[in-house]
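Let's take a walk through a protein model together. Keep the sequence and the 3D view side by side as you read.

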Amino acid sequence: MTDFTLYSHDGGPNPWKVAIVLECLGLSYAHKFLDFKNGEHKGPEYTKLNPNGRVPTLVDHKNNDFTIWESGAIILYLVDKYDTERKFSAATPEEKFIELQYLFFQASGQGPYFGQLAWFIFYHPEKIDSVHERYKNEINRVWSVLEDILSKREWLGGSKCTVADLAFITWNEIAFLMKAIDDPEKYPRVFAWHKKMLEIPPVKKVLAEKDKPKNQ
């Protein structure tokens, strides 16, 4: 039995964001992919774990099956409890609040706007140009903020790559898939930062797993 069960979706960015952190910390886990087409994520068995009926949810079998949902909260739980050497998290109280700052920015600024554009591109039955334009503008605004920050430092949280950085990877990948960036040359530091994270072995491993057909 693995130490954690991660309730997930085979393509959704937020569960894979948690998987990256689990892998970086060397923690053993198993995905449990929910059947969204048949509404398993809204069924009574799952909503007993997560009343919001979304993914991810994490069950920590090392800690009496402690259960937590919302990807940002899960990430903070994991690093607070299991990153004792602070390899991927802040080492000082001040750095921790900077880390929180960027995790909140990811959760409020990146995820929702990138996610809304994904919905209107891939799932909405009609194309609404004004909606696409609104969310593409927000994606470019977020990247402009990141570009400015990364012009002054190598990593968001300080001198090393932390969960403050890792949390952005999976939604950045969705932005590339949607071709949502109006001019990639405007964001050389964001592209370089993202590319550096893709070379981290646990990140590479998780993204390769994400891209594999799930019937294999």
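Helices and strands here are DSSP runs, numbered from the N terminus, where a helix has at least four residues and a strand at least two. With those names in hand, we can place Arg86 in the loop between α3 (71-82) and α4. Please keep in mind that this is a predicted model.

Let's stay with Arg86 for a moment. Its phi angle is near 55 degrees, which is a positive value in a residue other than glycine. Is Arg86 buried or exposed, or something in between? With a relative accessibility of 26%, Arg86 counts as partly exposed, because that class covers values between 20% and 50%. On either side of Arg86 in the numbering sit two residues that form a salt bridge: Lys87 and Glu85, whose closest N and O atoms are 3.5 Å apart. Lys87 is exposed at a relative accessible area of 53%, and Glu85 is exposed too, at 59%.

Another loop residue invites a look. Asn64 lies in the loop between β3 and β4 (66-69). For Asn64, phi is near 55 degrees, again a positive value in a residue that is not glycine. Asn64 has 75% relative accessibility, so it counts as exposed.

Now go to the start of the chain. Strand β1 (residues 4-8) and strand β2 (residues 29-33) run parallel, and 5 bridges join them. To find one of these pairings in your view, look for Thr5, whose bridge partner in β2 is Ala30. How do β1 and β2 fit together with helix α1? The three make a right-handed β-α-β unit.

Helix α1 also leads us to a contact with a distant part of the sequence. Glu23 forms a salt bridge with Lys205, and their closest N and O atoms are 3.1 Å apart. Glu23 lies in helix α1 (residues 13-24) and Lys205 in helix α9 (residues 201-211), so this pair ties together parts that are 182 residues apart in sequence. Which partner is buried and which is exposed? Glu23, at 18% relative accessibility, counts as buried, whereas Lys205 is exposed, with a relative accessible area of 53%.

Follow that salt bridge to α9 and turn the helix around. Pro202, Val203, Val206 and Leu207 are buried in α9. These four residues cover an arc of only 125 degrees around the axis, which puts them on the same side of α9. On the other side of α9, the exposed residues are Pro201, Lys205 and Asp211. Lys205, our salt-bridge partner from before, therefore belongs to a buried residue's pair while sitting on the exposed side of its own helix.

How many salt bridges does the structure hold? There are 11. One more of them joins Asp148 and Lys152, with the closest N and O atoms 2.9 Å apart. Asp148 is partly exposed at 43% relative accessibility, and Lys152 is exposed at 61%.

Charged pairs are one topic; nonpolar side chains at the surface are another. Trp119, Ile121, Phe122, Tyr123 and Leu177 form a nonpolar patch on the surface, and together they have about 550 Å² of accessible area. Which helix gives the largest share of this patch? That is helix α4 (residues 93-122), which contributes 3 residues. Trp119 lies in α4, and at 43% relative accessibility Trp119 counts as partly exposed.

Two last stops take us back to loops. Pro56 is found in the loop between α2 (44-47) and β3 (57-60). The peptide bond that joins Val55 and Pro56 is cis, with omega of about 10 degrees. Lys37 is found in the loop between β2 and α2, and its 83% relative accessibility makes it count as exposed. If you want to try the distance tool in your viewer, pick the C-alpha atoms of Lys37 and Glu70: these residues are 33 apart along the chain, and the two atoms are separated by 21 Å.

Definitions and conventions
Residues numbered from 1 in each chain as written. Predicted model: local features only at pLDDT ≥ 70, side-chain atom pairs only at ≥ 80, totals over all residues. Heavy atoms only, no water. Salt bridge = Lys/Arg side-chain N within 4 Å of Asp/Glu carboxyl O. Buried < 20%, exposed > 50% of the residue type's maximum accessible area, 1.4 Å probe, protein only. Pairing = 2+ DSSP bridges. Right-handed = clockwise from strand over helix to strand, strands pointing away. Patch = residues over 30% accessible without salt bridge, like charges linked within 9 Å, V, L, I, M, F, W, Y side chains within 5 Å. Areas by Shrake-Rupley, 256 points an atom, 1.4 Å probe, with all protein chains shown as cover. Arc of directions from axis to C-beta.
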